[in-house]
Amino acid sequence: MPFFGNLFGVFTGSKPVEKIVFDRPSMKSAAISYAAVFAIVSLLLIVESALFLLASSILSSVDAVQAIVSVLIFCAVAVILAVVVLVFKFAFAYVWASLHFFLASFFSKRSYNLSDFNAIAITLFSSVNIVSGLLLLIPVIGWIAAVAVQFYGAALLRRAVRNYFGVSADQASIIVLVFLNLAMLVFVIIAAIASFVLIGSKIL
């Protein structure tokens, strides 16, 4: 399928980031790609989880009808949650790209269009999401690999920033690393707070 071929091509490098910047995808096409990737990955994860739940119920000698009903309820709830998560993820992706846009604007004297850059960034996010999403289907090893893929996504974004704004490689690295480091710092703080709540309170 051309749709998947293009996204995989961006991720693997067969379709250079420079071409995405030159082609300037519209925000509409970028949003559709992002939603389509999320929908496909979510569907695969829901099916995998449903099969696991059904198999567990059967092995636990649960009544077949009850097991099927439980799986159907799970699928219905999962689909509703997936829609909600999609809205929040897309909003976050847009804000995340916007932050890079505003910081990069300080390094360039020319004026640029926020929507144009965000469409490019969201297209790159889609190419990363489809690969990381497929990796999530593989327990443990795939989960770790999916996290590692996100760092590769940062490298793709750096190339997009460099080519779109015409900044140097060092400036593009600074722009991306500033927000990447902030995100990691927030994650560490949240993890530390969660650890204290779950473990520290028991020790005290």
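**Surface, core and helices of a predicted model**

In this predicted model, a nonpolar surface patch of about 1200 Å² is formed by Phe-106, Phe-107, Ile-174, Val-178, Leu-182, Leu-185, Ile-189, Ile-193, Phe-196, Val-197, Leu-198 and Ile-199. One of these residues, Leu-198, belongs to helix α7, which covers residues 169–203. Leu-198 has a relative accessible area of 57% and therefore counts as exposed, since the cut-off for that class is over 50%. In soluble globular proteins, by contrast, nonpolar side chains tend to be buried together.

The protein chain as a whole contains seven helices and zero strands, and its elements, read from the N terminus on, follow the order α-α-α-α-α-α-α. Along the principal axes, the C-alpha atoms of the protein chain occupy a box of roughly 70 × 55 × 25 Å. Of the 204 residues in the protein chain, 34% are buried, while the area that the chain exposes comes to about 12200 Å², with 77% of it supplied by carbon and sulfur atoms. When contacts between residues at least 6 apart in sequence are considered, 73% of them join residues at least 24 apart.

In the interior, the largest nonpolar core comprises 39 residues, and those with the most contacts inside it are Phe-117, Phe-125, Leu-157, Val-161, Tyr-164 and Phe-165. Two or more residues are given to this core by each of α1 (2–12), α2 (17–23), α3 (27–59), α4 (64–105), α5 (114–135), α6 (141–165) and α7. The element that gives the most is α5, which supplies ten residues. For Tyr-164, once its neighbours within four places in sequence are left aside, the residues in contact are Val-21, Arg-24, Tyr-112, Asn-113, Asp-116, Phe-117 and Ile-120.

Arg-24, one of the contacts of Tyr-164, is placed in the loop between α2 and α3. Its relative accessibility is 40%, and Arg-24 is therefore classed as partly exposed, a class that lies between the cut-offs of 20% and 50%. The backbone of Arg-24 has a phi near 50°, a positive value in a residue other than glycine. A positive phi is also found for Val-140, where the value is near 60° and the residue is again other than glycine; Val-140 is located in the loop between α5 and α6. Just after α3, Ser-61 likewise adopts a positive phi, of about 60°.

Helix α3 can be checked for its length, because at 1.5 Å a residue its 33 residues should span 48 Å, and this agrees with its end C-alpha atoms, which are 48 Å apart. The buried residues of α3 are Met-27, Ala-30, Ser-33, Tyr-34, Val-37, Phe-38, Val-41, Ser-42, Ile-46, Ala-50 and Ser-57. An α-helix has 3.6 residues a turn, so residues three or four places apart point the same way. Leu-51 also lies in α3, but with a relative accessible area of 54% Leu-51 is exposed, because this value is over the cut-off of 50%. Although Leu-51 and Val-71 are 20 residues apart along the chain, their C-alpha atoms are separated by 8.2 Å.

Note on methods: Residues are numbered from 1 along each chain as its sequence is written. This is a predicted model: local features need pLDDT of at least 70, side-chain atom pairs count only at pLDDT 80 or more; totals for chains, interfaces and linings use all residues. Side-chain values use heavy atoms; hydrogens and water are left out. Patches are made of residues with over 30% relative accessible area and no salt bridge: like charges are joined within 9 Å, nonpolar side chains (Val, Leu, Ile, Met, Phe, Trp, Tyr) within 5 Å. Accessible areas come from the Shrake-Rupley method with a 1.4 Å probe; for residues, only the protein chains shown count as cover. A salt bridge is a side-chain nitrogen of Lys or Arg within 4 Å of a carboxyl oxygen of Asp or Glu. Helices (H or I, at least four residues) and strands (E, at least two) are DSSP runs, numbered from the N terminus. Buried means under 20% relative accessible area, exposed over 50%, partly exposed in between (1.4 Å probe, protein chains only). A nonpolar core is a set of buried Ala, Val, Leu, Ile, Met, Phe, Trp, Tyr and Cys residues joined through side-chain atoms within 4.5 Å. Contact means heavy atoms within 4.5 Å. The expected span of a helix is 1.5 Å times one less than its number of residues.
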